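Biologist: Before I accept the labels attached to a model, I should like to see each one justified. Could we go through them in turn?
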Amino acid sequence: MAAGLESNRSKIEQEVRAYREECAQEESRYHYLNCMIKVIELQQQRVTDEMKAYVSSDPLEKKKAFREMYTRKIQEQENLGKGLREKQKAVRESHGPSMRQMKMWKDFETLMDCKKQCLLKDANQQDTSTMIRDDYGEDRLIL
């Protein structure tokens with residue numbers, strides 16, 4: 001008899017464990033569904049507020065609408081993109097002449113350095129170079 005009672009008790013304990021596990025699963029599902037209901041209610045409230053703002057005749061209220069706000073932001077970004085494309089086009093168009101001007105300036109600097117070196121070299125050899133001022137008040141170097 002004791003063995004039968006022990007067997008019966010272990011069966012009942014297994015059933016209790018299974019019911020507790022099922023209860024925990026259902027409780028978890030209940031909380032999940034409650035959270036989902038709250039999220040959906042919040043989304044519904046946002047939709048209602050958006051519709052009120054969109055059909056409102058008050059301009060300040062319309063500015064609060066997400067549709068207006070996002071439309072404004074999109075327009076700003078499109079204008080910014082257009083400006084950047086124009087700037088890029090201008091840079092591309094002026095790149096060639098600017099590079100040519102930079103090369104000419106470097107050539108000019110090289111030429112001036114060469115003249116300076118020649119002047120210093122001649123000044124060391126003989127002191128025959130002179131600086132004169134012409135009629136326009138400009139200094140001229142005569143070698």
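Biologist: Why is Arg9 called partly exposed?
Modeller: In this predicted model, Arg9 has a relative accessibility of 46%. Exposed requires over 50% and buried under 20%, so Arg9 counts as partly exposed.

Biologist: What makes Arg9 and Glu13 a salt bridge?
Modeller: Their closest N and O atoms are 3.3 Å apart. The limit is 4 Å, so the pair qualifies. Arg9 also forms a salt bridge with Glu6, at 3.6 Å. Glu6, Arg9 and Glu13 are thereby linked in a network of salt bridges.

Biologist: How are Arg9 and Glu13 placed along helix H1?
Modeller: They are 4 residues apart in helix H1, which means a separation of about one helical turn. Arg9 and Glu6, 3 residues apart in that helix, are likewise separated by about one helical turn.

Biologist: Why is Lys103 called exposed?
Modeller: Its relative accessible area is 52%, and exposed means over 50%; Lys103 therefore meets the criterion. Its salt-bridge partner is Asp107, with the closest N and O atoms 3.1 Å apart. Asp107, at 43%, counts as partly exposed.

Biologist: How do you know that Glu50 has no salt bridge?
Modeller: The nearest side chain of opposite charge, Arg67, is 6.8 Å away. A salt bridge must lie within 4 Å, so Glu50 and Arg67 do not form one. Glu50, which is buried, instead reaches the backbone nitrogen of Arg67 with its side chain at 3.0 Å.

Methods: Residues numbered from 1 in each chain as written. Predicted model: local features only at pLDDT ≥ 70, side-chain atom pairs only at ≥ 80, totals over all residues. Heavy atoms only, no water. Buried < 20%, exposed > 50% of the residue type's maximum accessible area, 1.4 Å probe, protein only. Lys, Arg positive; Asp, Glu negative; His and termini not counted. Polar contact = N/O pair within 3.5 Å; in protein donor to acceptor, adjacent residues only side chain to side chain. Helix = DSSP H or I, 4+ residues; strand = E, 2+ residues; numbered from the N terminus.
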